[in-house]
Amino acid sequence: MKSVSGTMAFVTGGGSGIGLGIARALAAEGAKVAICDVRDDHLAQAADVAAREGWADRFLALKLDVTDRPGYAKALDEAEAKLGPLQILVNNAGVGIVGPVDEATHADWDWGVGVNLIGVANGLVAGLPRMKAHGLESHVVNTASEGAIMSARLTRGVYAPTKAAVISLTEHLRIELEEKKANIGTSVVCPGPVTTNIAETEQLRPAEFQVDSPFRGGGSHGALPPSTGKGFWLDPLDVGRMTVHAILNDKLYVITHPAFIESVKARHAAIEAAMAPDYLPR
Ligand code: NAI
């Protein structure tokens, strides 16, 4: 997109953390921002921020769980009625579900995949037809994780696969939209460590997924590669600014922490090595 000014952006999980950072960065560039979230306190926090920063008149708060398909369509209807046609869709809501994958229950899988992957799919199914119909310059942002391209870490065996899927779906979406000359750009945000409220994830687990599981304790957040000092923990607003830059330049990948490149290289080296097999069946 050449500019986000005057466009309507719909940001899921926008009441806190990275979603709020993206919303603030978009608002600073003149966008109208509809924020949806499951947490009332996070929606109230976003309203306070919008008032303090002077974009309350371009702001709408909506209570929405991204797994609620009819609710999603209604929320988009309301956002479009109040703020104008959907031009920027930010599928950011996610749960930082952590625990040992060999002990994961059906409930852990259903909740983690349901929010982190199907929640994104719900946004695409509800949002893309609107963008295609109005034909205005548009952009889809999906939030994944840098952890999905790095070497495997303990406790991330449900979370990282959901995020790897979001990266793959964005790559595939991009080539479809390019092929169809749809005037819709695509970016996938892959953050490293960002100071957010993600450690509160387990408070959000719906009743039907509350079974006996080691994931319920919130687990350890898994060992990170060694701290690289300054800039290790990023401010969500910085991630927001990187995301706006990607929207304006139609960059596919937003990778916030270049310091983790050795972990990514190690994984790719193992894949490449396996592509020169030392054993071939006769
Ligand atoms: P956060 O917890 O501060 O913000 C996430 C927001 O999403 C919360 O306000 C929460 O209430 C909302 N949410 C959760 N489930 C929802 C649902 N079903 N429907 C609607 N809203 C829902 O956490 P953070 O870190 O800002 O997370 C944003 C995204 O960034 C997530 O997709 C997360 O997986 C991803 N991420 C975060 C990293 C970090 O270091 N914080 C690193 C890599 C990725």
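This report covers the nonpolar cores and helix H2 of a predicted model.

**Nonpolar cores**

The largest nonpolar core holds 48 residues. Phe 10, Ala 34, Leu 62 and Tyr 72 touch the most other members. Strands and helices both feed this core: E1 (8-12), E2 (32-37), E3 (59-63), H3 (69-83), E4 (86-91), H4 (106-134), H5 (159-179) and E6 (184-190) each give two or more residues. H4 gives the most, with eight residues.

Tyr 72 has a long contact list, even with residues up to four places away in sequence left out. Its partners include Phe 10, Leu 64, Val 66, Leu 89 and Ala 126. Thr 12, Asn 91, Gly 119, Asn 122 and Gly 123 also touch Tyr 72.

Another core, of 32 residues, lies apart from the largest one. Val 4, Phe 59, Val 189 and Val 254 are among its members. In soluble globular proteins, nonpolar side chains tend to be buried together.

**Helix H2**

Helix H2 spans residues 40-53, 14 residues in total. From first C-alpha to last, H2 reaches 20 Å, close to the 20 Å expected at 1.5 Å a residue.

| Side of H2 | Residues |
|---|---|
| Buried | His 42, Leu 43, Ala 46, Val 49, Ala 50 |
| Exposed | Asp 40, Ala 51, Arg 52 |

The buried residues cover an arc of only 120° around the axis, so they sit on the same side of H2. The exposed residues lie on the other side. Helix H1 (17-28), E2 and E3 are among the elements that cover the buried residues of H2. Just after H2, Gly 54 takes a positive phi of about 85°.

Terms used: Residues numbered from 1 in each chain as written. Predicted model: local features only at pLDDT ≥ 70, side-chain atom pairs only at ≥ 80, totals over all residues. Heavy atoms only, no water. Core = buried A, V, L, I, M, F, W, Y, C linked by side-chain atoms within 4.5 Å. Buried < 20%, exposed > 50% of the residue type's maximum accessible area, 1.4 Å probe, protein only. Helix = DSSP H or I, 4+ residues; strand = E, 2+ residues; numbered from the N terminus. Contact = heavy atoms within 4.5 Å. Expected span 1.5 Å × (residues − 1). Arc of directions from axis to C-beta.
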